[in-house]
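Me: I want to test the labels on this model one by one. Please give the value and the cut-off each time.

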Amino acid sequence: MKPTPPEILAYVLKTVQDLCQDWDYADEVGPQSLLFTGLGMESLDAVVLCTAIQDHYRIQMPFAELLADIGQKQRDLSIAELAEFVGQHVGAGAPEPEVEAASQRRT
């Protein structure tokens, strides 16, 4: 797995920090901050955050699946993990492994 580009982490972190300005959250917000249990993010906040990220990068990302997965596993998501997820979808350029395997079967 490729490391998250620093500019993606910086953008996601700044976006979350900007969102937190509207909340009563006084602690420092950093890459290891947990979105839901740490920052108190609610589902509507997650939608706003995910929409802002998609608008910024101008691509659709499977945020619903990501959020459903963490909900099923009853765990939280750090800002760094969110940035990693975004990094996997931004500028991927290369087809997803399933798409690549399917195209190889056709040839």
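The turns below take up aromatic pairs, burial, salt bridges and a helix of this predicted model.

Me: What makes Y11 and Y57 an aromatic pair, and why is it called edge-to-face?

Reply: Their ring centres lie 5.5 Å apart. The limit is 6.5 Å, so they pair. The planes stand at 85 degrees. Over 60 counts as edge-to-face, so the label follows.

Me: Which parts does that pair tie together?

Reply: Y11 lies in helix 1 and Y57 in helix 2, so the pair joins parts 46 residues apart in sequence.

Me: Why is Y57 called buried?

Reply: Its relative accessible area is 19%. Buried means under 20%, so Y57 qualifies.

Me: Why is the pair of F63 and F85 called tilted?

Reply: The centres are 5.2 Å apart, with 50 degrees between the planes. Stacked needs under 30 degrees and edge-to-face needs over 60, so this pair is tilted. It links helix 3, which holds F63, with helix 4, which holds F85.

Me: Are those two rings buried or exposed?

Reply: F63 has 5% relative accessibility. F85 has 10%. The cut-off is under 20%, so both count as buried.

Me: How do you know that K14 and D18 form a salt bridge?

Reply: Their closest N and O atoms are 2.8 Å apart. The limit is 4 Å, so the contact counts. Both residues sit in helix 1, four residues apart, so about one helical turn separates them.

Me: Why is E81 with R75 a salt bridge too?

Reply: The closest N and O atoms are 3.4 Å apart. That is within 4 Å, so the label holds. A search of the whole structure finds three salt bridges. Another one joins K73 and D69, at 3.3 Å.

Me: Why is K73 called exposed, but D69 partly exposed?

Reply: K73 has 53% relative accessibility, and exposed means over 50%. D69 has 28%, so it falls between the 20% and 50% limits.

Me: How do you know that D45 has no salt bridge?

Reply: The nearest side chain of opposite charge, K14, is 17 Å away. A salt bridge needs 4 Å, so D45 has none. D45 is buried all the same. Its side chain reaches the backbone nitrogen of E42 at 2.9 Å. D45 also touches L19, W23 and G40, leaving aside residues up to four places away in sequence.

Me: What span does helix 1 have, and what is expected?

Reply: Helix 1 has 15 residues and reaches 21 Å from first C-alpha to last. That is close to the 21 Å expected at 1.5 Å a residue. Its buried residues pack against helix 2 and helix 4.

How values were computed: Residues are numbered from 1 along each chain as its sequence is written. This is a predicted model: local features need pLDDT of at least 70, side-chain atom pairs count only at pLDDT 80 or more; totals for chains, interfaces and linings use all residues. Side-chain values use heavy atoms; hydrogens and water are left out. Rings of Phe, Tyr and Trp (its six-membered ring) pair if their centres lie within 6.5 Å; planes under 30 degrees apart count as stacked, over 60 as edge-to-face and the rest as tilted. Helices (H or I, at least four residues) and strands (E, at least two) are DSSP runs, numbered from the N terminus. Buried means under 20% relative accessible area, exposed over 50%, partly exposed in between (1.4 Å probe, protein chains only). Lys and Arg count as positive and Asp and Glu as negative; His and the chain ends are not counted. A polar contact is a pair of N or O atoms within 3.5 Å; within protein, one must be able to donate a hydrogen and the other to accept it, and residues adjacent in sequence count only if both atoms are side-chain atoms. Contact means heavy atoms within 4.5 Å. The expected span of a helix is 1.5 Å times one less than its number of residues.
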